[in-house]
Amino acid sequence: KVKRAPTATASLVTPAALSTLQGRVECEAPNADLYRFEGRLVITASHEKCPLTISQLLLRGSVLRNTHYVMGLVMYSGSDAKILLNAQEAPSKFSRVEAFLNHLVVVVFVFQLFVAFFSTTMCILWKEMEGGDAWYLDLKEEAFHWVWVPIKNFLTFLILYNFMIP
């Protein structure tokens, strides 16, 4: 796109001539719109107000052609630059199917924990009620500790039901 100098400064083509210019720039606050710019150059000596538009704004990353140099004024810099305000995060490459499968794996894992807890409870109840009659399992009274055995049973059932999660 063709960029042109404001009419009030178009005749100032040397650095010496440009250094005599005194004035101020009044412009809009930084925004992300790359195709709109409104401002004005107020020249102190003549009180001339020259409008500034997008055709006088060179954005960061612009490529100069048909000219060797540009004399200008920095309007927005750093995180206020229009290009940076317009930048967005890269979109997620995470499909809906993957999100659904991750949710499903969590549900299956919670179900597995529930089934392992239920199996541990049933195992302890069975040992209390009918475990004494099963002499072939070698369930001695001193081997049944109230802390260690439930933890061991829960972990055993958790490993046995591990096939649920692919």
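1. A good place to start in this predicted model is the helix pair α3 and α4: helix α3 (residues 96–129) packs against helix α4 (residues 148–160) at an angle of about 135 degrees, and their axes lie 8 Å apart. The two helices are therefore oblique to each other, and their crossing is right-handed.

2. If you would like to look at this contact residue by residue, the α3 side consists of Gln112, Leu113, Ala116, Phe117, Ser119, Thr120, Cys123, Ile124 and Lys127. On the α4 side, they meet Val149, Pro150, Asn153, Phe154, Phe157 and Leu158. By class, the residues of the contact of α3 with α4 comprise 10 nonpolar, 4 polar and 1 charged.

3. The other feature to look at is the largest pocket, with a volume of about 1,800 Å³. Its lining has 48 residues, and those closest to the pocket centre are Lys3, Gln56, Leu57, Leu58 and Val70.

4. Which elements give two or more residues to the lining of the largest pocket? They are strands β1 (23–27) and β2 (39–43), together with helix α2 (82–86). As for the character of this lining, its residues divide into 31 nonpolar, 10 polar and 7 charged.

Conventions: Residues numbered from 1 in each chain as written. Predicted model: local features only at pLDDT ≥ 70, side-chain atom pairs only at ≥ 80, totals over all residues. Heavy atoms only, no water. 1 Å grid on protein atoms, 1.4 Å probe; cavity = no way out; pocket = protein on both sides within 12 Å on 5 of 7 lines; lining within 4 Å. Points joined across faces, edges and corners; volume = space filled by probe spheres on them. Helix = DSSP H or I, 4+ residues; strand = E, 2+ residues; numbered from the N terminus. Nonpolar A, V, L, I, M, F, W, Y, C, P; charged D, E, K, R; others polar. Axes fitted to C-alpha atoms, helices over the stretch in contact; angles between N-to-C directions. Parallel < 35°, antiparallel > 145°, perpendicular 65-115°, else oblique. Left-handed = near helix turned anticlockwise from the far one by under 90°. Contact = heavy atoms within 4.5 Å.
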